[in-house]
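Colleague: I should be grateful for a close look at one part of this model, set in the context of the whole chain. Please treat the loop residue that follows the third strand in most detail, and then compare its surroundings with other sites.

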Amino acid sequence: MQLNDVHRGITKHRKRKRIGRGPGSGTGKTSGRGHKGHKSRSGYSRKPNFQGGAMPMFRRVPKRGFNNKWSVTVFAVNVSRLNDAFNDGDTVTLQTLADKNLAKGTFDEVKILGDGEISKKLTVQAHRFSKSAEEKITAAGGTIEKIAAKRTPDERVAALKEAKA
């Protein structure tokens with residue numbers, strides 16, 4: 001390759017292709033659409049999953065399992081990580097956990113687990129606590145505040161029935 005070959009065939013300000021402007025233009029008559037067929041017609045549109053009439057891939061692939069749209073994703077944080085990240089007397093909230101990169105991603109609830117040791121007096125706010133985590137936090141002189149979790153579908157139905165009555 002020569003240095004003068006680098007930009008050969010590249011035009012910065014190429015004129016737009018004028019389609020259907022006679023046989024001399026190179027794109028006259030059928031305007032680059034070819035003869036007959038679905039794509040040659042005006043108003044042609046194809047669904048993104050259409051595969052030429054063949055059985056589509058999403059119907060050929062076997063489906064397994066069940067995707068529960070009401071399931072709750074719980075993010076777990078160990079007591080030892082709280083001990084490392086926070087100072088004595090701090091309040092641990094969902095926001096402070098996110099700020100210190102202890103609770104990442106998308107989740108519905110946070111659960112504090114009892115793995116490791118804690119020596120600092122912390123006020124911990126979370127949706128759930130394991131028994132060992134509760135014992136360790138209170139033994140270190142800290143306090144626990146449970147955040148109300150999202151209502152389950154059964155609880156929502158019960159609340160609607162109460163409102164009607």
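Modeller: The account below begins with the chain as a whole, turns to the loop, and then takes up further sites.

The model is a predicted one, in which local features need pLDDT of at least 70, side-chain atom pairs count only at pLDDT 80 or more, and totals for chains, interfaces and linings use all residues. Residues are numbered from 1 along each chain as its sequence is written, and side-chain values use heavy atoms, with hydrogens and water left out.

Five helices and six strands make up the secondary structure of the chain; helices (H or I, at least four residues) and strands (E, at least two) are DSSP runs, numbered from the N terminus. Read from the N terminus, their order is α-β-α-β-α-β-β-β-α-β-α. The chain is more spread out than a compact globule, because its radius of gyration is 32 Å, well over the 15 Å that the globule rule gives for 165 residues. That radius is taken over C-alpha atoms, and the rule is 2.2 Å times the number of residues to the power 0.38. Along the principal axes, the C-alpha atoms fill a box of roughly 90 × 65 × 35 Å.

Burial can be given for the whole chain: 16% of the 165 residues count as buried. Here buried means under 20% relative accessible area, exposed over 50%, and partly exposed in between (1.4 Å probe, protein chains only). The exposed surface of the chain comes to about 13,300 Å², of which carbon and sulfur atoms supply 51%; these areas come from the Shrake-Rupley method with a 1.4 Å probe, and for residues only the protein chains shown count as cover. Of the contacts between residues at least 6 apart in sequence, 42% join residues at least 24 apart, a contact being heavy atoms within 4.5 Å.

The loop comes next. Gly114 lies between strand E3 (109-113) and strand E4 (123-126). With a relative accessibility of 13%, Gly114 counts as buried. Beyond its neighbours within four places in sequence, Gly114 is in contact with Asn78 and Val79, and also with Ser130, Ser132, Ala133 and Lys136. Asn78 falls within strand E1 (residues 74-78), while Val79 falls within helix H2 (residues 79-85). The C-alpha atom of Glu134, 20 residues away along the chain, is separated from that of Gly114 by 7.6 Å.

Strand E1 also holds Phe75. Phe75 is partly exposed, at a relative accessible area of 23%. Not counting residues up to four places away in sequence, Phe75 touches Leu102, Ala103, Lys104 and Phe107, together with Glu109, Val110 and Lys111. Among these, Glu109, Val110 and Lys111 belong to strand E3 (109-113). Phe75 and Gly105 are 30 residues apart in sequence, and their C-alpha atoms are 8.9 Å apart.

Helix H2 includes Ala85, which is partly exposed at 23% relative accessibility. Residues up to four places away aside, Ala85 touches Lys100 and Leu102. Leu102 is also one of the residues that Phe75 touches. From Ala85 to Leu97, 12 residues apart in sequence, the C-alpha separation is 8.9 Å.

Some sites lie towards the N terminus. Arg60 is found in helix H1 and is partly exposed, with a relative accessible area of 47%. Gln51 and Met55 are touched by Arg60, residues up to four places away not being counted. In the segment before helix H1 (57-60) is Ser31, whose phi is near 60°, a positive value in a residue other than glycine. Ser31 is partly exposed, its relative accessible area being 22%. Lys36 is found in the segment before H1 as well; its phi, near 55°, is likewise positive in a residue other than glycine. At 69% relative accessibility, Lys36 counts as exposed.

Finally, there is helix H5 (residues 153-164). At 1.5 Å a residue its 12 residues should span 16 Å, and its end C-alpha atoms are 17 Å apart, which agrees; the expected span is 1.5 Å times one less than the number of residues. Helix H5 is hardly covered, since the count of buried residues among its 12 residues is zero.
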